[in-house]
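Visitor: I am new to this structure and would love a close look at one part of it. Please choose a spot inside and lead me outward from there.

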Amino acid sequence: MKKRVITFHYTLKDPKGEVIDSSSGHEPLGFLEGASQIIPGLEKEVIKLKKGDKKIIKVPADEAYGKRDDRFVITVGRKELPPGDIQVGQQFELKSDQGAHVVLVTKITDTEVVLDGNHPLAGVDLAFDIEVTDMREATEEELSHGHSHGGDGHHH
Ligand code: ZN
């Protein structure tokens, strides 16, 4: 079967029903089937739908952004970070051999700063309120690039 590009509107909520993210008021989100453009737990359900379908898709943390991992929480000396004001809730990009990694400041003392490198949605079970707005065959260009080119197949 030919791979498809599927476009959908979504509202993402956490288990308390709080809206985390939504495509409402924006272009719908499109993805190329099988290209890992969206989280696996969502893709596996969206590909079963048809154009025009609406569904609430629940994705457990394991199939979304994974479990929280305490190994990603590190304490560093205050001096190891760039000078200036650092506040709890602030995000940094740390560069290492493995590439850039976004970390969140979760605690500050006079001498130390605690950084959490877990994805903000790690450990969170997600619920996506989905409406499929379009489903079409992928173009040759999209297949060779390995991603979708927007709803009409031209936008890059
Ligand atoms: Zn491309």
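Guide: Let us begin at Phe8, bearing in mind that this is a predicted model. Leaving out residues up to four places away in sequence, Phe8 touches Ser23, Pro28, Leu29, Phe31, Ile38, Leu42, Val46, Ile130, Glu131, Val132 and Thr133. Phe8 also belongs to the largest nonpolar core, which has 19 residues. Within that core, the residues with the most contacts are Phe8 itself, Leu42, Leu126, Phe128 and Ile130. Four elements each supply at least two residues of this core: the strands β1 (4-13), β4 (54-59) and β9 (126-137), and the helix α1 (40-46). A separate core of 8 residues lies apart from this one, and its members include Leu81, Ile86, Val103 and Val113.

Now follow helix α1, where you will find Glu43. Is Glu43 buried or exposed? Glu43 counts as buried because its relative accessibility is 12%, and the limit for buried is under 20%. Despite carrying a charge, Glu43 has no salt bridge, and the nearest side chain of opposite charge, that of Lys3, is 7.9 Å away. What does Glu43 touch instead? Setting aside neighbours within four places in sequence, Glu43 is in contact with Phe31, Leu32, Glu33, Gly34, Ala35, Ser36 and Ile38. One of these, Phe31, is also touched by Phe8, and so is Ile38. For a sense of distance, the C-alpha atoms of Glu43 and Val59 are 10.0 Å apart, with 16 residues separating the two along the chain.

Other charged residues of α1 do find partners. Lys44 forms a salt bridge with Glu63, with 2.9 Å between the closest N and O atoms. Glu63 sits in the loop between β4 and β5 (73-77) while Lys44 lies in α1, so this pair ties together parts that are 19 residues apart in sequence. Lys44 is partly exposed, at 40% relative accessibility, and Glu63 is partly exposed too, at 30%.

Next in the helix comes another pair: the side chains of Glu45 and Lys55 meet in a salt bridge at 3.7 Å, N to O. This pair also links distant parts of the chain, as Glu45 is in helix α1 and Lys55 is in strand β4, 10 residues apart. Here Glu45 counts as buried, at 17% relative accessibility, whereas Lys55 is partly exposed, at 35%. Lys48 joins in as well, for Glu45, Lys48 and Lys55 are linked in a network of salt bridges. Over the whole structure, a search finds 10 salt bridges.

To finish, move over to a sheet. Four strands make up an open sheet in the order β5-β8-β7-β6, with antiparallel pairing. Why do β5 and β6 each have a side without a neighbour in the sheet? These two strands stand at the edges and have a single partner strand each, so one side of each is left free of a neighbour there. From one strand to the next, the twist averages 40 degrees.

Strand by strand, β6 (residues 91-96) and β7 (residues 99-108) run antiparallel and are joined by 6 bridges. Together β6 and β7 form a hairpin with 2 residues between them, and Ser96 stands opposite Gly99 in β7. On to the next pairing: β7 is joined to β8 (residues 112-116) by 4 bridges, again antiparallel, and here Leu104 stands opposite Asp116 in β8. As background, strands of a sheet pair through backbone hydrogen bonds.

One last salt bridge rounds off the visit. Glu93 forms it with Lys95, and the closest N and O atoms are 3.7 Å apart. Glu93 is partly exposed, with a relative accessible area of 48%, while Lys95 is exposed, at 69%.

Conventions:
Residues are numbered from 1 along each chain as its sequence is written. This is a predicted model: local features need pLDDT of at least 70, side-chain atom pairs count only at pLDDT 80 or more; totals for chains, interfaces and linings use all residues. Side-chain values use heavy atoms; hydrogens and water are left out. A nonpolar core is a set of buried Ala, Val, Leu, Ile, Met, Phe, Trp, Tyr and Cys residues joined through side-chain atoms within 4.5 Å. Buried means under 20% relative accessible area, exposed over 50%, partly exposed in between (1.4 Å probe, protein chains only). Contact means heavy atoms within 4.5 Å. Two strands pair if DSSP finds at least two bridges between them. A salt bridge is a side-chain nitrogen of Lys or Arg within 4 Å of a carboxyl oxygen of Asp or Glu. Lys and Arg count as positive and Asp and Glu as negative; His and the chain ends are not counted. Axes are lines fitted to C-alpha atoms, for helices over the stretch in contact, and angles run from 0 to 180 degrees between N-to-C directions.
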